[in-house]
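Here are my notes for your review. Please read them with the coordinates open.

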Amino acid sequence: ALGLAAAPSIGSPTHGVGRCVRSLGVLAVDAACAGAAAAGRGQDAGARLSVAATARLCSALPPINGPSDTPFGPSEAQAWVGAFIDALTCYLRLPGAQVSTTHIGILWSRFVVRPLYGLSITAVAMQYFKLAFLSAPSATQLLLSPLHASPNQLPEVRLAHASIFCPASFEDDPPPLPMTFFFPEVHAAPVRQVEVPVAAADMSMGDDGSPPRLPQPLRRSISSGMDFDSPSILCDVGEADEAAVAAAAAAAGAPLPDTSAMAPRLRLDRVQAVMYEESAALFGELTVYDAIERRLWDEFDERGRVDDADALRHRDAAAQRCLAALDREVDGAGYAGRELPSPLTEARAKFSALCELVGCGAAELTGRELQEAEVAYAVAEEELLAASATQRRAVVRARRRGEFPPQPEEVTTARAGLSRALLALVAALRRVAVRAQLGLVEVIGAEGVGRALRAVGKGHGDPLLDHLQRHGRWASAQAACDAGVPDLGVGGATASTAAAAPVAASAASAPPDDLHLYARPDGLGGYTELTELREHGRGRILAARRYGVRVALKVYAEDDEAACQRELSALRALRSPAVVALQGAFHSGGSTYLELAWCAGGPLSAWCEQHPGIVGTDDVEAFVKGLGIFRQVWQALARVHSSRAVHGDVSLGNILLTADHRPVLADLKRCMLRPDSGTGDRRGVPAATVDYLAPELEEDQGGESPLPTQAGDVYAAGVAM
C-alpha cells in the first residue's frame, strides 16, 4: 500500500490523488496493526518480526538518487510520512523489538539528514522522534543513537527531539503531544507511556536508556521567581542602560572589565577540525574536561547553584592536565616550525586563566569582592537618601524664613559617590560572569549575585548575566538566600555595622511599601510617550515610559473604585511570575492608575491571530511553540489556584506575553482571594467575558453577577486553548 501510494505513475497532485494517498496510508496502518497483533508475545518473536517488518517497510522509501519530481503535494507527502511511521511503530512497539544498524542509517538519512519529498526538517524529524518515543525501550535506544553520536545537530533536529521527548528544559510536564497525535488512525492500540527523567548527565545515553538532556544553547527557563526590572527609588542612577554605564565609566576614568562574551572558550568542534593525528591524547583530555564542565552546568541548571565538591575537584585536575597537554602541543608546534591553530590558542588561553583562578582561590575571592561592592553601593544609597532628606529640610526652612535655598553640594557629592559605587558593582558582576564562562561555574550561584543584579538593573551589559536573570531555579535559590539577609545599607558605612541591622522581610511574602495609593497633584508627570492602547472592560490601558522604561498604565474611573480595589488587592496578594507585575498605584484627577510591567508580546489572542497554522499543525514550529505557551498558562493558573484564589476571567485577551513569550495572567478585577482576605463577597464583581463563561455560571442569580470559581477558570482556560 505504501509503495503504491508513492509510485511516480500515480499522476499529478490533484484532489483525487490526495484522497487516494490518504486511503492507502490508512490501509497500510491497518495492515501493520493487524500483523503486529498476530505476533507472539515473546521477546524473540518481537525481535524477529520487528527486524523483518523494518526491512520490508524501508524498501518502500523512495531512493535518495531517485526521480526529483515529487509524485504528490506537501499535504499528501505529510500524510504518507505519517502513515509510514505509524505502520512501522506497530512493529517496533512489540516487546524486544530490534532495528538493524543498516535500517537505522536509512531511516535517519531519509527523515533527518535529507528529508524525503522536500518536506521541512522539523516536520519529518518530529515523525522520526515520534517513532523513537513510542517504540519499545530496546528500539528507542537504537533509534536515538545517531542523535547522540553527533551532539552538534541542527537546531531544527533538536527542536523536534525536544517537542516529542519533552526533557527537563520544559520542566516536569508530561509529553506535550497527546496520544491521538501519535496514532491518528489506530485509537484502540495500547501505547506505552515513557517517563522522562528530570536529570541526565550530558548528551550521552543514560544507563537506563533514558533520553538525554538538551544541550545548553537550547535550554530555556519558563519563568523567573524574581523581578529584576523594578526601577530604583534613587532617580536614574540604578536605571542606567549599558551605554550610559559605559559612558559614566569612561568619564570617571575607570574602564569596566570585558564581558563574558569576550572570555576564551573551549570549542571542541573547531579543535577537532584542526587536530593532528599525533594529538589524540590532547583531544581526549579536552573531551574529559568538557564533559565535567557540562556536568557542572547541568547541576546549575537543575538547582540554581553548584554544590558538587567532587565534580569541582575533578574540574580543577582536568584543567591542569589540559593546560599541560596544550603546553606540550605549543612546544611541538615550535619545534615543527608551525603556528598553533587559533582554536587551540583560544583553548590554551582559557585553561591558563582558569588554572590561575583556581590557584588563587578565586571562587571564594569573588564572593568577598561582590559582597564588598554590594555593601559599598548600599551605603552610598543610604548616604544619598540622607543627603537628599537634609537638603529638602533645608530648602523648606529657607522658604519659611524668606531666604535663598542652600546649594545641594552634599547631594551632588553623594550622587557622585553612588555612581562610583554602581560602576564598582558592575565591574564585580562582570568579573563573576567572566569567571563563570571560563569554567568557575560555582561563582554565579554565590549569595548576593541576585541582589547585585537587581541593584544595577540592565546596565551590566553582559549576555550571561542577562540570561541568568531569566533563570527560574537560580532566582528561587537566590531568593531563599536573600530572605534572611540584613539590610546592608542600614547602620553606617561598615559591613560589620550593616550586618547587625534587623532582618528584612522577604519580598515574596509582602508587597513593597511604595505600592500604597498616594495622590499625585502633578498628574502623569514623569511619564512620557503616553499612548492609549485600548478600552479593556471598565479600565483604559495606556502605554508609557517612566525614566526610559516601558510600562503599562491601567486607568480606573472614580465610579469603578470597587473593581479597582479588587484588582489592586489581587495583584498585591498574588505577586509571582504567573501574574503581571504591579509596580505602583496612585490617584490623579479623580482616576486611579495602576502601573504594570510592560508585556512586549501583547495579548495571546494577537499571537494566535498571527499564527493561524497552529490549528491542524500546518505550521509545526508554531504548533510546538503554542503547546509550550499553553503549558505555561496551565502552570500559571495552577499557581494562582494553589494560593486559594480564583482569577475569574481567563481569556485569550487576558493572557499577556512577555518579550520572551512567557505568558502571565492579567485583568484581575474579578479575582476572588481566600475568604479570610475580606474580598470574597459579591460586591463590585463585574461581568465576565461571555464566550468563556462556564455553563453553571451563566444561570441567573437574582440579577447579580455569579461568583467566579476555580472550576470556571479551568473551563475558561480550556475554551482559550
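1. How many bridges join strand β8 to β9, and do they run parallel or antiparallel? Three bridges link β8 (residues 655-657) to β9, and the two strands run antiparallel. Leu656 sits opposite Val664 in β9. Bear in mind that this is a predicted model.

2. The wider sheet is open and has three strands, ordered β7-β8-β9. Its pairing is antiparallel. β7 (602-603) and β9 (663-665) are the edge strands; each has a single partner, so one side of each lacks a neighbour in the sheet. Helix α24 (residues 620-642) packs on this sheet and touches β8 and β9. The direction of α24 makes about 30 degrees with that of β9.

3. α24 also meets helix α6 (residues 121-134). The axes of α6 and α24 come within 9 Å and cross at roughly 60 degrees. The two helices are therefore oblique to each other. On the α6 side, the contact uses Thr122, Ala123 and Met126. On the α24 side, it uses Val620, Glu621 and Val624. By class, the residues of this contact are four nonpolar, one polar and one charged.

4. Now helix α3 (residues 43-58). With 16 residues, α3 reaches 22 Å from its first C-alpha to its last. That is close to the 22 Å expected at 1.5 Å a residue.

5. Which residues of α3 are buried? They are Ala45, Gly46, Ala47, Ser50, Ala53, Thr54, Leu57 and Cys58. The buried residues of α3 pack against three helices: α1 (2-5), α4 (74-92) and α5 (101-113).

Terms used:
Residues numbered from 1 in each chain as written. Predicted model: local features only at pLDDT ≥ 70, side-chain atom pairs only at ≥ 80, totals over all residues. Heavy atoms only, no water. Pairing = 2+ DSSP bridges. Helix = DSSP H or I, 4+ residues; strand = E, 2+ residues; numbered from the N terminus. Contact = heavy atoms within 4.5 Å. Axes fitted to C-alpha atoms, helices over the stretch in contact; angles between N-to-C directions. Parallel < 35°, antiparallel > 145°, perpendicular 65-115°, else oblique. Nonpolar A, V, L, I, M, F, W, Y, C, P; charged D, E, K, R; others polar. Expected span 1.5 Å × (residues − 1). Buried < 20%, exposed > 50% of the residue type's maximum accessible area, 1.4 Å probe, protein only.
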